Amino acid sequence: MTVSADPKELLELATRLAAEAGRALVRDRPRDLGVASTKSSPTDIVTVMDQRSEKLIIEGILAERPDDGILGEEGGSRAGTSGVRWVVDPIDGTVNYLYEIPMWCVSIGVQIDGETVAGVVEVPMLRETFTALRGHGAWLNGEPISAHSAQSGGQPVPLERALVATGFGYAAQRRAVQGRIAAELLPLVRDIRRAGSAAIDLCSVACGRVDGYYERGTNPWDIAAGGLIVTEAGGRIGGLRGAAASVEMTVAAAGGLFEALCEFLEERSADRDS
Ligand code: IPD
Ligand code: CA
């Protein structure tokens, strides 16, 4: 039976499970880890560790909150009856995990009646835990973070001085368009970063490690936790033409740069694949 839907308690459970999953992902990674299966394209991979991590997290949620709903990237979804839904990416940055590049994470967002109220992004190899609680702030290892870049003294960062993270989808046609748009952006900004994990990209915006981020094709599990971490750190997240962030387009940055990035992307119809 559901005991409570106190966002603080939900965040505590999310943080504990993300840490447990992170430890297991480091400890139990087989030396000869390979690709277990592919999804939308031959490069959209799943490893046994994605599956084990999702299982560990879902079992942990249901042991304490059997009436909650779950949306898990690797298929572990169920409808709930409590109004609470957990949006889980058991490894965001699976290609990095496969190649032993440290930029991968466990991302858990918790929604009440469709609104994300708590989120955690656990980055085990960097020993970093990003958390946010709606209305209360965002933290990195317990210290408050801000999306207002220290490099600009808290002033809005103009496009020409912005360090912008982005990502590319798994479908060749979509990538061709994304590559063209990134090539057009490159001469207009300080530089571009492609870290390989959308959730980490959002946390990087939230703590000012990059100034902005955009990507077409993000799924709810990529952005549920990181999106709240951005807004609670004082940044903005959305789609183009005033829409909410979605699979069509996700843009995140502090105010000022957010609008400039949206304008650049809107002018090029960056929410299309052709
Ligand atoms: C991917 C990563 C990547 C982004 C892709 C995502 P996955 O998630 O977040 O940075 O560019 O769009 O699908 O497949 O590693 O969970
Ligand atoms: Ca994933």
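A charge sits over a ring if NZ of Lys or CZ of Arg is within 6 Å of the ring centre and within 35 degrees of the ring normal. The model on screen is predicted, and the tour starts with a case of this kind.

**Stop 1: the ring of Y97**

Select R29 and Y97. The charged end of R29 sits over the ring of Y97, at 5.4 Å from the ring centre.

Keep Y97 and add W104. How are the two rings placed relative to each other? Their centres are 4.8 Å apart and their planes meet at 85°, so the pair is edge-to-face; planes over 60 degrees apart fall in that class. A search of the whole structure finds one aromatic pair. Y97 and W104 are both buried.

**Stop 2: the calcium ion**

Now select ligand 2, the calcium ion, together with E73, D89 and I91. Which atoms of these residues are the protein donors? E73 gives an OE atom, D89 is listed twice with OD, and I91 gives its O. These donors lie 2.1 to 3.1 Å from the ion. Along the chain, the donors follow the spacing E-x15-D-x1-I. Of the donor residues, D89 and I91 are both buried.

**Stop 3: ligand 1**

Stay on E73 and bring in ligand 1. A polar side-chain atom of E73 is 3.2 Å from an oxygen atom of ligand 1, while E73 is also a donor of the calcium ion.

Next, show the backbone of F168 and of A198. A backbone N or O atom of F168 lies 3.4 Å from an oxygen atom of ligand 1. At A198, a polar backbone atom is 2.8 Å from an oxygen atom of ligand 1. How much of the accessible area of ligand 1 does the protein cover? On its own the ligand has 380 Å² of accessible area, and the protein covers 95% of this.

To see the surroundings, widen the selection to the 15 residues around ligand 1. The closest are D92, G93, Y170, A198 and E215.

**Stop 4: the cysteines**

Finally, select C105, C203 and C262. A search of the whole structure finds zero disulfides. For C105, the nearest cysteine sulfur belongs to C203 and is 6.9 Å away. C105 has 0% relative accessibility, so it counts as buried.

C262 is in no disulfide either, and the nearest cysteine sulfur, again that of C203, is 19 Å away. Is C262 buried or exposed? C262 is buried, because its relative accessible area is 6% and the limit for buried is under 20%.

Methods: Residues are numbered from 1 along each chain as its sequence is written. Chains are lettered from A and ligands numbered from 1 in the order in which they are written. This is a predicted model: local features need pLDDT of at least 70, side-chain atom pairs count only at pLDDT 80 or more; totals for chains, interfaces and linings use all residues. Side-chain values use heavy atoms; hydrogens and water are left out. Rings of Phe, Tyr and Trp (its six-membered ring) pair if their centres lie within 6.5 Å; planes under 30 degrees apart count as stacked, over 60 as edge-to-face and the rest as tilted. Buried means under 20% relative accessible area, exposed over 50%, partly exposed in between (1.4 Å probe, protein chains only). Donors are N, O and S atoms within 2.8 Å of the metal (3.2 Å for Na, K and Ca); water is not among the atoms, so sites may look incomplete. A residue is near a molecule or strand if one of its heavy atoms lies within 4 Å of it. A polar contact is a pair of N or O atoms within 3.5 Å; within protein, one must be able to donate a hydrogen and the other to accept it, and residues adjacent in sequence count only if both atoms are side-chain atoms. Accessible areas come from the Shrake-Rupley method with a 1.4 Å probe; for residues, only the protein chains shown count as cover. A disulfide is a pair of cysteine sulfur atoms within 2.5 Å.
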